[in-house]
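Visitor: I have a structure to look at and would like to learn how to read its features one by one. Could you take me through it, giving the general idea and then the case at hand?

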Amino acid sequence: MALSSRSGGTSLELNCWSGNSCRRGVTGAQRVPLPSQTSGQLILDAAPRMFGWDSWSPQTAGLWVGEKIPDTQVDLVRGRGDMGNLRWHGSQVISCRGVGKAEGCSFLKDEAPQGRSRVMGQPSDLDLNAQAHPSTCRPFFLYVAFHDPHRCGHAQPQYGAFCEKFGNGESGMGRIPDWTPQTYNPKDVQVPYFVPDTPAARADLAAQYTTVGRMDQGIGLVLQELRGAGVLNDTLVIFTSDNGIPFPSGRTNLYWPGTAEPMLVSSPEHPKRWGQVSEAYVSLLDLTPTILDWFSIPYPSYAIFGTKTVQLTGRSLLPVLEAEPLWTTVFGSQSYHEVTMSYPMRSVHHQNFHLVHNLHFKMPFPIDQDFYVSPTFQDLLNRTTAGQPTGWYKDLHHYYYRERWELYDRSQDPHETHNLAADPRYAQVLELLQTQLVKWQWETHDPWVCAPDGVLEEKLAPQCRSLHNEL
């Protein structure tokens, strides 16, 4: 979870694993939790409370409304009370409501070093427990990563497959005083299509749902602290995950369950699309541009490899909060999860089509340690070796051994079970997506861009040198 603030405004990013329920809506002016969803959709949600004029009085910062502020001193100022009200968006003042002497105020843009915003007065470190006043706070960014709802059965099995028993008050489990545990009957859970519908997998899902609830309550505590500090209405909230749910075809995969991550954005400054769902394709690459945009900070110019300047390939999500964009392409990358799990893959989603490039397709797909000991996978192994029905939409052989190219039409095949890569009717689609994918790899300096049948040699021409390895 992360918080960032710009000139009296803050940004909060909640990062956790997939399978979470942190969607929020508006009831009057309140944030409320909504049901869990792992859809990969961008949720445009409501502000903590209705957009207001909560702010600090400019005279407390050593200036009077109506005065011309030197552009080397301040980026944006908000005033209220008998000296007038200022309304701003980003670093641009868009209106000034005059009261008394506040008529005809004039404000200039900040020229501060490195494009950083600041406010007049003596800034201090933010202390959420000190009821910090916005005028005494520096812009800040706080990142909080929850362990929930991650697996932990491989490391501390005494607490359960997802550490769902930790802190529940039972004997030997300890007690988390501000958590009210929520348990679920395995018979009642909804089993996703990519998870075997067996008693073991159902119990596994129910355990994870308990930790989802613990995470949600933890997020509520953080928002409560922001509310107490008086900055919640200036807070941009981003909730996301770094991978898919830890079940078959999920985490460590580039299939839809592995890349469908929660992405929820809540901004007090963009009420137009509160409560709406965007169908735009977005990814974690969009987070850095979004946060920089929120702060009005330009991306620095620098190089890592030689003289090639690093360029951001993501896009700011703030325009999505105003209107639905025509974003129909997004890329994915996975190289390894654990040091012994090298299995590089690259993917592109374009409109309804999804292309996955398995670079090590001659190898069996590796299984990570915590998933291997999970009740779901152990049950799947036992049923497979015993020749029993698995209740799964795949079999282990095809899960381990994959084609080099996998092409799916998700409009007709949402479960991605019919590979169209070798179908001549889709040859043009395959070529288009392959071209898009390799272009993105070159743009992002992907060291695997020439693999698996070539090696990258940057000082030679052409840079991709054939290995003549029969691939």
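Visitor: Is I304 buried or exposed, and why does it count that way?

Guide: The general idea is a cut-off on relative accessible area, with residues over 50% called exposed and those under 20% called buried. In this model, which is a predicted one, I304 has a relative accessibility of 56%, and therefore it counts as exposed. The residue lies in the loop between α3 (287–295) and β12, and together with Y302 and F305 it makes a nonpolar surface patch of about 320 Å².

Visitor: How much of the whole protein chain is buried, and what supplies its exposed surface?

Guide: Of the 471 residues in the protein chain, 49% are buried. The chain exposes about 22,800 Å², and carbon and sulfur atoms supply 53% of that area.

Visitor: Loops and strands have come up; how many helices and strands are there in the protein chain?

Guide: The secondary structure comes to 7 helices and 17 strands. As for contacts between residues with a separation of 6 or more, 62% of them join residues that are 24 or more positions apart.

Visitor: In what order do the strands of the open sheet with β12 stand, and which of them are at the edges?

Guide: To read a sheet, one follows the pairing from strand to strand. Here the 4 strands have the order β12-β13-β14-β15, with antiparallel pairing. β12 (329–334) and β15 (405–409) stand at the edges, and because each has a single partner strand, one side of each is left without a neighbour in the sheet. Neighbouring strands are turned by 10 degrees against each other on average, when direction is ignored.

Visitor: Over how many bridges do β14 and β15 pair, and what lies across the sheet?

Guide: β14 (residues 353–358) pairs with β15 in the antiparallel sense over 5 bridges, and within this pair F353 stands opposite D409 of β15. Helix α7 (residues 427–443) lies across β12, β13 (345–350), β14 and β15, and it runs at about 120 degrees to β13.

Visitor: Which way do the residues of strand β10 point, and are they buried or exposed?

Guide: One reads a strand by asking to which side each residue is directed. From β10 (residues 263–266), M263 and V265 point one way while L264 and S266 point the other way, and all of these are buried. This strand pairs with β9 (residues 235–240) in the antiparallel sense over 4 bridges, with V237 standing opposite S266.

How values were computed. Residues numbered from 1 in each chain as written. Predicted model: local features only at pLDDT ≥ 70, side-chain atom pairs only at ≥ 80, totals over all residues. Heavy atoms only, no water. Pairing = 2+ DSSP bridges. Helix = DSSP H or I, 4+ residues; strand = E, 2+ residues; numbered from the N terminus. Axes fitted to C-alpha atoms, helices over the stretch in contact; angles between N-to-C directions. Contact = heavy atoms within 4.5 Å. Patch = residues over 30% accessible without salt bridge, like charges linked within 9 Å, V, L, I, M, F, W, Y side chains within 5 Å. Areas by Shrake-Rupley, 256 points an atom, 1.4 Å probe, with all protein chains shown as cover. Salt bridge = Lys/Arg side-chain N within 4 Å of Asp/Glu carboxyl O. Buried < 20%, exposed > 50% of the residue type's maximum accessible area, 1.4 Å probe, protein only.
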